[in-house]
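Hi,

Here is the structure I promised to pass on. Have a look at it first, and my notes follow underneath.

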Amino acid sequence: MSTSSMAVDSHPPAPKLVLDEFIGTALTSTPPELHPFFESFRTLHTRKLWHQLTLKLFEFVDHPLSKPFRVDVFERFVTDFESKMNQLRLVELGVKVSKEIDNPQTHLTFLTSLLTRINKETSPDAYILLYANIAHAKLLYGDLEGTKADMDEAWKILDSVESVENGVNAAYYGVAADYYKAKADYAPYYRNSLLYLACVDPATDMTAEERLGRAHDLGISALLGDTIYNFGELLMHPILDALDGTTYEWIKKLLFTFNEGSIGKFEALAPLLPQEPILQEHYPFLRQKICLMALIESVFKRSADNRTMSFTTIAEETRLPTDEVEHLVMKALSLKLIRGSLDQVDQKAQITWVQPRVLSRQQIGGLAKRLESWVNKLNVVEQRIAPEMLTTA
């Protein structure tokens, strides 16, 4: 066994395994530290202990010295009994091994060859995981169309099964997020990225560098997504802590500023936007978005019986000229951030509903005060009605 035999191509599969010959070759061509693995492989294969053999194979591919030999072991040894293995574990092992193949075409050939040997009906989870990884390989090699086609195929199966392991979901949502990042499509990136984070443990499954990159990209996508006007889910996620103490910490502050709808704080942070050219480039959009957030927050803070607002009031709340208020309210209505009607003659907006949102602690505090006020009003009404009820009784 040698590093030169790592190449994978479309030639017919290797001859049927001769176990002693395979193990003998391995023992003469690998470091002594790996020899116990091959002795275990021999014993477990001979005794047909497929589950224990699978576990030992994972130990092997996780050993740093096995790196040059992983593809050989998979191609020459694992393929002999792969039908006896749990198919999801087989795919997980294959995906790990494939990372050692540098040549793009060979990498894809390795994965697609494995796909032909997985039964979609009996092992849908394994099929999804492999399709998602093939899609990711195509994305790395710049084939966006191929990536999307494979993502769609993976989603069809994922959407039809009741449940799969977190690792399978993570593979799908991970490639979907990376695809939409490559397309600079902010809202789908944001959605898929949060779904990806729900399937992994960032503290153990991601490096510090990956956590920082993910937090940064989520922050940018939340700000620039033209349908994202509720940042609550992101603001409550520990991934944002990765920005603390870094040069990107101001992005976290900016996200909280948007969630509060605070135009004053936005203007204070605006001089930092050139640090992220993409944000500076979209300044007019961000300015409109903070005005919309200020409008939403203004409506949200009001009691349900006090949501008829004059254009003058809205202009004050959003720091816009009065003649721009009507356009802003119409934009909020079209985005379904609010419901209601405009009275252009009296220059008023009657708002009947505001988009539900995940609230910050400060916003929850405000809501609690309004509930307390509402309960007090009910008590007053009850005290008025009670004597009358007693009299009529």
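**What I found**

S298 is buried, at a relative accessible area of 3%. Before going further, please keep in mind that this is a predicted model. S298 belongs to helix α17, which covers residues 283-301. Setting aside neighbours within four places in sequence, S298 is in contact with M309 and E317.

**The strands**

M309 leads us on to the strands, since β1 takes in residues 308-310. β1 pairs with β3 (residues 348-354) in the antiparallel sense, over 3 bridges. If you want a register point, S310 sits opposite K348 in β3.

On to β2, which is residues 338-343. β2 and β3 also run antiparallel, and 6 bridges join them. Here L342 is the residue facing A349 of β3. The hairpin of β2 and β3 has 4 residues between the strands, and in that hairpin Q347 takes a positive phi near 55°.

What does UniProt have to say about this part of the chain? Its unreviewed entry lists residues 188-356 as "domain: PCI". In the model, that span is 57% helix and 9% strand, and its end C-alpha atoms lie 20 Å apart.

**Helix α5**

Now for a helix I spent some time on. α5 runs over residues 87-98, so to speak a 12-residue helix, and it reaches 16 Å from first C-alpha to last, close to the 16 Å expected at 1.5 Å a residue. At its N-terminal end, N86 acts as the cap: a side-chain oxygen of N86 lies 2.9 Å from the backbone nitrogen of L88.

Is α5 mostly covered or mostly open? Mostly covered, with 9 of its 12 residues buried. Among the buried ones are Q87, L88, L90, V91 and L93. As for what they pack against, the list is α3 (50-62), α4 (70-81), α6 (104-115), α7 (124-140) and α9 (166-182).

G94 is part of α5 too. Why does G94 count as buried? Its relative accessible area is 0%, and the cut-off for buried is under 20%, so G94 qualifies. Beyond the neighbours within four places in sequence, G94 is in contact with F74, F110 and L114. If you would like a sense of distance along the chain, G94 and R384 are 290 residues apart in sequence and 75 Å apart in space, C-alpha to C-alpha.

Q87 of α5 turns up again from another direction. S123, in the loop between α6 and α7, touches Q87 and I118, not counting residues up to four places away in sequence. S123 counts as buried because its relative accessibility is 10%.

**The core**

Last, the nonpolar core. The largest one has 120 residues, and F41, F77 and V78 touch the most other members. Which residues does F77 touch, leaving out those up to four places away in sequence? They are L17, L19, F22, F41, H45, L53, L57 and D72. F41 therefore appears both in that contact list and among the core residues that touch the most other members. As general background, nonpolar side chains tend to be buried together in soluble globular proteins.

That's it from me. Shout if you want to go through any of it together.

Cheers

Key. Residues are numbered from 1 along each chain as its sequence is written. This is a predicted model: local features need pLDDT of at least 70, side-chain atom pairs count only at pLDDT 80 or more; totals for chains, interfaces and linings use all residues. Side-chain values use heavy atoms; hydrogens and water are left out. Two strands pair if DSSP finds at least two bridges between them. Helices (H or I, at least four residues) and strands (E, at least two) are DSSP runs, numbered from the N terminus. The expected span of a helix is 1.5 Å times one less than its number of residues. Buried means under 20% relative accessible area, exposed over 50%, partly exposed in between (1.4 Å probe, protein chains only). Contact means heavy atoms within 4.5 Å. A polar contact is a pair of N or O atoms within 3.5 Å; within protein, one must be able to donate a hydrogen and the other to accept it, and residues adjacent in sequence count only if both atoms are side-chain atoms. UniProt positions are given in the numbering used here, feature names are shortened, and annotations may be inferred rather than shown by experiment. A nonpolar core is a set of buried Ala, Val, Leu, Ile, Met, Phe, Trp, Tyr and Cys residues joined through side-chain atoms within 4.5 Å.
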